[in-house]
Structures are given as C-alpha cells and as structure tokens.
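Me: I am new to this structure and would like a close look at a single part. Please take me through the aromatic rings and what lies around them.

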Amino acid sequence: MTEKGLLIVLSGPSGVGKGTVRQAIFSKGKREFIYSISATTRQSRPGEVDGVDYFFKTRESFEKMIEAEELLEYTQYVGNYYGTPIDYVKKTLESGKDVFLEIEVRGAMQVKERMPEGVFIFLTPPNMDELEARIINRGTDASPIIRQRMEKAIEEIDLMRYYDYAVENDTVENAVNKILAIIQSEHLKVSRLLESKISNEEE
Ligand code: 5GP
C-alpha cells in the first residue's frame, strides 16, 4: 500500500527555534523527511545559500510567482515576501514522502485552508523574555527589526488555537522527541490508512 506523504507544517514565532528543531528532526528521524525550500525577497544572511536555505528572489520575480499561482501560500513578513512553491510540495507528497514546511503563522493558516489534511504544529517559546533573548543572541537583526519581530510574535502566539498541536521548545531534544511522536501517530491514524487504501484501489 503506497501511503501518501504527510504534510507537516511547523510554525511559531520568529526566533522560537523552528530551524534548529527542524534540522535536528531531519538528522534524527528514521523516516525520510523532505524540506520545502521557501522563496523570499529578504537579503541572504552570511552563510545562507540560494537554493538550499531559500530561493532568493527579487520582488518582481516573486510577484510573478504569485500571479502565476505557483505558491501554496505566501505572506509579507517584516517588509519581505516569503512563500512556498506548490509544485514541489504536491509532487513530493504524491511520491509518499513527508514534506516539512517551516513557515510563519499567517502562511500556515493559508495552508490549512487549502490542505486541511496537513498536521499543524505550533512551536512555543518557554516565555517571551527567552524569545527576545534568542532573537538578540542570533545577532542577525538590527534593533528596530528585533522590535518588529517581537510585536509579530505576540500576534502570532494568539493564533496557536488554530493548530493541531502545541510543542514547547524548552530544549531542542524534548521538542524533537515530541514532534517525532506526533508524526508517528499521525501516520497510524486509521482515517489516513483507509484513505490511502481507497485511493490505491481506485488507481
Ligand atoms: P527569516 O527571515 O528569519 O528566515 O524568516 C522569517 C519568518 O518567515 C520565519 O518565521 C520563517 O519561519 C518564516 N518563513 C520562512 N519561509 C516561509 C514561507 O515560505 N512562508 C511563510 N509564510 N513564512 C515563511
């Protein structure tokens, strides 16, 4: 029975540690996870590689992707566009692999509208002071941007109620273990198993 891959949406405020947790999941998980690389108009940070961390775009070419409906979701975040190319997500899910999206909250809500069968996981900071400290320690943002990111974080935490799961990022190891357990049980859901059985029989 070929089971369709799971769409896993890992979201939460900027600075909460989504990237670190995602990387740890990829190195620890026994299943093969595929990361969906986002497109963005933000400047690359030192060490970031085009086509690995993001597809870095001009505003003009990003807007062309929007017009051509090439994005599953997109948003403007602190002055830049961010979005998920749709083709890659769909093809990977059909091949039976799990796809990971690591995106902010408004984009996650758009994905929920279009693909409600996804698993929506909200990563929470232990508290707001800790979140601010993480954004400052990352050292990649100037102070007005840090303030904007904190304001956004407060709005974002309010949207946690629309998610399936909330996982506190107290330590990376705890968060990873909890997320892997969620994914494992989602794969064992009778409704999902029956759905893939029916679609296999129809083929
Ligand atoms: P950063 O500039 O720190 O890389 O990302 C800023 C925020 O945008 C983070 O919360 C990150 O998870 C989110 N983000 C990255 N890619 C996407 C995307 O494709 N769509 C949406 N909606 N948010 C994204």
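Reply: What follows goes through the ring pairs and then the charges over rings. The model is a predicted one.

The structure holds 11 aromatic pairs. One of them joins Phe26 and Phe33, whose ring centres are 5.9 Å apart and whose planes make an angle of 45°. That pair counts as tilted because its angle falls between the limits of 30 degrees for stacked and 60 for edge-to-face. Phe26 has 27% relative accessibility, so it counts as partly exposed. Phe33 is buried, with a relative accessible area of 9%.

Another pair is made by Tyr77 and Tyr82, again with 5.9 Å from centre to centre, but here the planes stand at 85° and the arrangement is edge-to-face. Tyr77 is buried at a relative accessible area of 5%. Tyr82 is buried too, with a value of 13%. Both count as buried because their values are under 20%.

Phe26 and Phe33 also belong to a cluster: ring pairs link these two with Tyr35 and Phe100.

Phe26 has a charged neighbour as well. The charged end of Arg22 sits over the Phe26 ring, 5.8 Å from the ring centre. Phe26 therefore pairs with Phe33, has Arg22 over its ring, and is still partly exposed at 27%.

A charge over a ring is also found at Phe120, where Lys112 lies over the face at 5.8 Å from the ring centre.

Technical notes. Residues numbered from 1 in each chain as written. Predicted model: local features only at pLDDT ≥ 70, side-chain atom pairs only at ≥ 80, totals over all residues. Heavy atoms only, no water. Phe/Tyr/Trp six-rings, centres within 6.5 Å; stacked < 30°, edge-to-face > 60°. Buried < 20%, exposed > 50% of the residue type's maximum accessible area, 1.4 Å probe, protein only. Lys NZ or Arg CZ within 6 Å of the ring centre and 35° of its normal.
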